[in-house]
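Colleague: I have just opened this one and would love a short tour. Could you take a few questions from a newcomer?

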Amino acid sequence: MLAMGDVTAEELYRAFREQAMALEQGGADAACIETMSDIDEAVCAIKAVKENTDLEIICTFTFEKTVQGDFKSMMGVSPVNAAQAIIAAGADIIGTNCGNGIARMIDIIGEMRKVDNNIPMLVHANAGMPKNINGRDVFPESPGDMAKQVKELVRAGANIIGGCCGTTPDHIRAIKSAIK
Ligand SMILES: [Zn+2]
């Protein structure tokens, strides 16, 4: 982590650049920079892609609900501050991924939408908060649970909806038919 001094900004930039250039050569259309929590790291990744490739850039942050009831990343970044910083850095598509279920994504996208009305927004929600049952992580949200939040998520401003941890092809199918 950059903030902990594990790497320098220069080392991080070089690592992101190497991956982005290799992915573009391999035929990727876009770079999806996801599960971000720190603005400096996200901006470093966006710059490394933008300055060295023609890839479309997707950048999404992961937020938790705080005891105050608002949303912050692990590094204390709000959805508004994340959106401002990654749009300024040149992301083409922004949004949120992972986290603790699709219902919270409605509020997070609503917050991010305050910053920009036009930029496409992506949501890849987890299938809820995992519970450890007999040593296995089990995700509680069924395809139907996720699909029933889709209408409100689109209303909040999401343009691209998929799934993160715990989602299966059945979840994606249910989300797709809810959108249609
Ligand atoms: Zn996830």
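Colleague: Let me start small: what is the relative accessible area of glutamate 10, and is this residue buried, partly exposed or exposed?

Modeller: Happy to help, and please keep in mind that this is a predicted model. Buried would need a value under 20%, and exposed a value over 50%. Glutamate 10 falls into the class between these cut-offs, so the residue is partly exposed, with a relative accessible area of 47%.

Colleague: Which residue meets the side chain of glutamate 10 in a salt bridge?

Modeller: Look along helix α1, residues 9-26, where glutamate 10 and its partner both lie, four residues apart, which is about one turn of the helix. The partner counts as partly exposed, at 39% relative accessibility. The two side chains meet at 3.3 Å, N to O, and the partner is arginine 14.

Colleague: How far apart are the closest N and O atoms in the salt bridge of lysine 72 with aspartate 70?

Modeller: Start with the surroundings of the pair: lysine 72 is partly exposed at 29%, and aspartate 70 is partly exposed at 32%. A salt bridge needs the nitrogen within 4 Å of the oxygen. Lysine 72 and aspartate 70 form one, and their closest N and O atoms are apart by 3.6 Å.

Colleague: And which residue forms a salt bridge with glutamate 111?

Modeller: Glutamate 111 counts as partly exposed, at 27% relative accessibility. Its partner counts as exposed, at 62%. With the closest N and O atoms 2.6 Å apart, the partner is lysine 114.

Colleague: How many salt bridges does the count come to?

Modeller: We have met some of them already, including glutamate 10 with arginine 14 and lysine 72 with aspartate 70. The count comes to five.

Colleague: Why does arginine 113 have no salt bridge, and which side chain of opposite charge is nearest?

Modeller: Arginine 113 lies in helix α4, residues 102-113, and is buried. A salt bridge requires a nitrogen within 4 Å of a carboxyl oxygen. The nearest side chain of opposite charge is 4.7 Å away, so no salt bridge is counted, and that side chain belongs to aspartate 116.

Colleague: With which side chain does the side chain of arginine 113 make a polar contact?

Modeller: Leaving aside neighbours within four places in sequence, arginine 113 is in contact with several residues, among them Ile119, Pro120, Met121 and Gly157. The polar contact of its side chain, at 2.9 Å, is with the side chain of asparagine 159.

Colleague: Now the sheet: what is the order of its five strands?

Modeller: This is an open sheet with parallel pairing. Its edge strands, each pairing on one side only, are β1 (30-36) and β9 (160-163). On average, neighbouring strands are turned by 20 degrees against each other, direction ignored. The order is β1-β2-β5-β6-β9.

Colleague: How many of the six residues of β2 are buried?

Modeller: Strand β2 is joined to β1 by five bridges, and isoleucine 58 in β2 is the bridge partner of cysteine 32. Strand β2, residues 56-61, also pairs with β5, residues 93-98, over four bridges, and threonine 60 stands opposite glycine 95 in β5. The strand is mostly covered, and the number of buried residues is five.

Colleague: Last one: at about what angle does α4 run to β6?

Modeller: Helix α4 is the one that holds arginine 113. The helix lies across β5 and β6 (121-125), and its angle to β6 is about 160 degrees.

Terms used
Residues are numbered from 1 along each chain as its sequence is written. This is a predicted model: local features need pLDDT of at least 70, side-chain atom pairs count only at pLDDT 80 or more; totals for chains, interfaces and linings use all residues. Side-chain values use heavy atoms; hydrogens and water are left out. Helices (H or I, at least four residues) and strands (E, at least two) are DSSP runs, numbered from the N terminus. Buried means under 20% relative accessible area, exposed over 50%, partly exposed in between (1.4 Å probe, protein chains only). Lys and Arg count as positive and Asp and Glu as negative; His and the chain ends are not counted. A polar contact is a pair of N or O atoms within 3.5 Å; within protein, one must be able to donate a hydrogen and the other to accept it, and residues adjacent in sequence count only if both atoms are side-chain atoms. Contact means heavy atoms within 4.5 Å. Two strands pair if DSSP finds at least two bridges between them. Axes are lines fitted to C-alpha atoms, for helices over the stretch in contact, and angles run from 0 to 180 degrees between N-to-C directions.
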